[in-house]
Amino acid sequence: MQYHIFSPYRVCPIGAHVDHQHGLVTGFAIDKGVDLFFNVRNDSRVILDSKSFSGHVEFDIAMPTLVKQGNWGDYARGAKFALQKRFHISNGIEGVIKGSLPVGGLSSSAAVLVAYVMAFAKANNISLAPFEVMRIASEAEREYIGLNNGLLDQACIALGKKDHLLMLDCESNDYRLIPKPAEMPDFELGVFFSGLTRSLMSSDYNLRVTECKTAAWIVQAYENMPLKTHEKTFLRDVPESMYKRCRDKMPPRFARRAEHFYSEHRRVREGITAWETGNLEWLGSLSKASCESSIHNYECGSPELIAIYEAMLTTDGIYGGRFSGAGFKGACIAIVDPTKKASIKQEITEKYLSRFPQYKNTFRIYFTKSDDGARFL
């Protein structure tokens, strides 16, 4: 019997770069993502092919997980690694995986990990709730792949629900799926790919995580708070009032990282109210403010992404948007009026390619809708 898992990509309108500091985040699962087709094997072999990447992956799911191999198969090995810590797994799969959009900015790696966790669990008769899938996939990315992320990506992918905004507290892991109000106008989510693909492992992502933790450490030291190890230190542990007392004494780099965290925390709270009241203009303006802080306080964003974002600011039909993913290459996302998609596509394309004509063959625009989380079809 062949199984089919659809694991969606995700979009985060507000709540950028704060999940790894136990902040508040929002997000949607979208109707583009990763498809994994597989059969359960009678032995322990895992045999995988990809429609997106070259090479053939094989390994034994029952054996201890070896070090990373440096190819796309590491995500399957990572899922195996995290599952093996909890369960005895002995049945492999044979399958093909493919993505529906180019890599960059929509957490395709997290979508792939979620799909593999679900597939290996199915093959070994392990029943996992969506929240458990989220935690295992996140652990695989942190501990095996080596990306010091929070739970945002996996939460949107595993827990998402069509026409609902997910709000996740990354400290308590409490979450809400907030339905779209009846009075809210229709909207879609624009995805603007710069044409420049990215890998978080080759960006400054992990450096920014370290800088945030150092900012928390500095405030705690000034305030004579007990210090924990760097690994267990988070900006969420530091009240904003303490940060403000120490802000002018801190090295500017670390003050800016903290400023982004606290301002983004406020924007998420406002964004929930904007969503609940059906106010897309307000939600969009908060998403733009999030991107401004990402540029100036978090200091991410390639020239290409900044060019797309600036083009978005003067394009009719776009309520607002920001960099997607870690914001070093990849994509921008936007909340858009679906009646103006054609003019948005034309205008953004013209503005962007006038500045970066070298990407004319790889720049892409897609329009997506919110969708349910990862599931068997």
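# Working through a predicted fold

In helix 1, the buried residues are D74, A76, R77, G78, A79, K80, A82 and L83. Here buried means under 20% relative accessible area, exposed means over 50%, and partly exposed is in between, with a 1.4 Å probe and protein chains only. Helices (H or I, at least four residues) and strands (E, at least two) are DSSP runs, numbered from the N terminus.

The model is predicted, so local features need pLDDT of at least 70 and side-chain atom pairs count only at pLDDT 80 or more, while totals for chains, interfaces and linings use all residues. Residues are numbered from 1 along each chain as its sequence is written, and side-chain values use heavy atoms, leaving out hydrogens and water.

## Exercise 1: Helix 1

Explain why helix 1 is described as largely enclosed by the rest of the structure, and find what covers its buried residues.

**Solution.**
- Step 1. Helix 1 spans residues 74–84, and eight of its eleven residues are buried, so the rest of the structure largely encloses it.
- Step 2. Now look for contact, meaning heavy atoms within 4.5 Å. The cover over the buried residues includes strand 3 (45–50) and strand 4 (56–60), along with helix 2 (108–123) and helix 3 (130–145).

## Exercise 2: Cysteines

Count the disulfides, then look at C170 and C212.

**Solution.**
- Step 1. A disulfide is a covalent bond between the sulfur atoms of two cysteines. The test is a pair of cysteine sulfur atoms within 2.5 Å.
- Step 2. Under this rule the count is zero disulfides. For C170, which is in no disulfide, the nearest cysteine sulfur belongs to C156 and is 9.2 Å away.
- Step 3. C212 is in no disulfide either; its nearest cysteine sulfur, that of C300, is 11 Å away.
- Step 4. Check the surroundings: C170 has 5% relative accessibility and counts as buried, and C212, at 2%, also counts as buried.

## Exercise 3: Aromatic rings

Classify the pair Y3 and F376 and the pair F193 and Y366, and say where their residues lie.

**Solution.**
- Step 1. Rings of Phe, Tyr and Trp (its six-membered ring) pair if their centres lie within 6.5 Å; planes under 30 degrees apart count as stacked, over 60 as edge-to-face and the rest as tilted. The rule gives 17 aromatic pairs here.
- Step 2. Y3 and F376 have ring centres 6.1 Å apart and planes at 75 degrees, so this pair is edge-to-face. Distant parts of the chain are linked by it: Y3 is in strand 1 (residues 2–11) and F376 in strand 13 (residues 375–376), 373 residues apart.
- Step 3. F376 is partly exposed, at 35% relative accessibility.
- Step 4. F193 and Y366 are also an edge-to-face pair, with 6.1 Å centre to centre and 85 degrees between the planes. F193 is in strand 8 (residues 188–193) and Y366 is in strand 11 (residues 364–368), so the pair ties together parts 173 residues apart in sequence.
- Step 5. F193 is buried at 3% relative accessible area, while Y366 is partly exposed at 24%.

## Exercise 4: Charges over rings

Which rings have the charged ends of K122 and K249 over them?

**Solution.**
- Step 1. A charge sits over a ring if NZ of Lys or CZ of Arg is within 6 Å of the ring centre and within 35 degrees of the ring normal.
- Step 2. K122 places its charged end over the ring of F376, 5.1 Å from the centre.
- Step 3. K249 does so over the ring of Y222, 4.5 Å from the centre.

## Exercise 5: E304 and an aromatic cluster

Find the helix that holds E304, decide whether E304 is buried or exposed, and list its contacts.

**Solution.**
- Step 1. E304 belongs to helix 9 (residues 303–313), and its 9% relative accessibility makes it buried.
- Step 2. Setting aside neighbours within four places in sequence, E304 touches S194, L196, Y352, F356 and Y359.
- Step 3. Compare this with the aromatic cluster, which is formed by Y352, F356, Y359 and F363.

## Exercise 6: Positive phi

Where are H22 and E299, and what is the phi of each?

**Solution.**
- Step 1. H22 is in the loop between strand 1 and strand 2 (24–40). Its phi is near 65 degrees, a positive value in a residue other than glycine.
- Step 2. E299 is in the loop between helix 8 (280–296) and helix 9. E299 is not a glycine, yet its phi is positive, at about 55 degrees.
- Step 3. Both can be classed by accessibility: H22 is partly exposed at 22%, and E299 is partly exposed at 32%.
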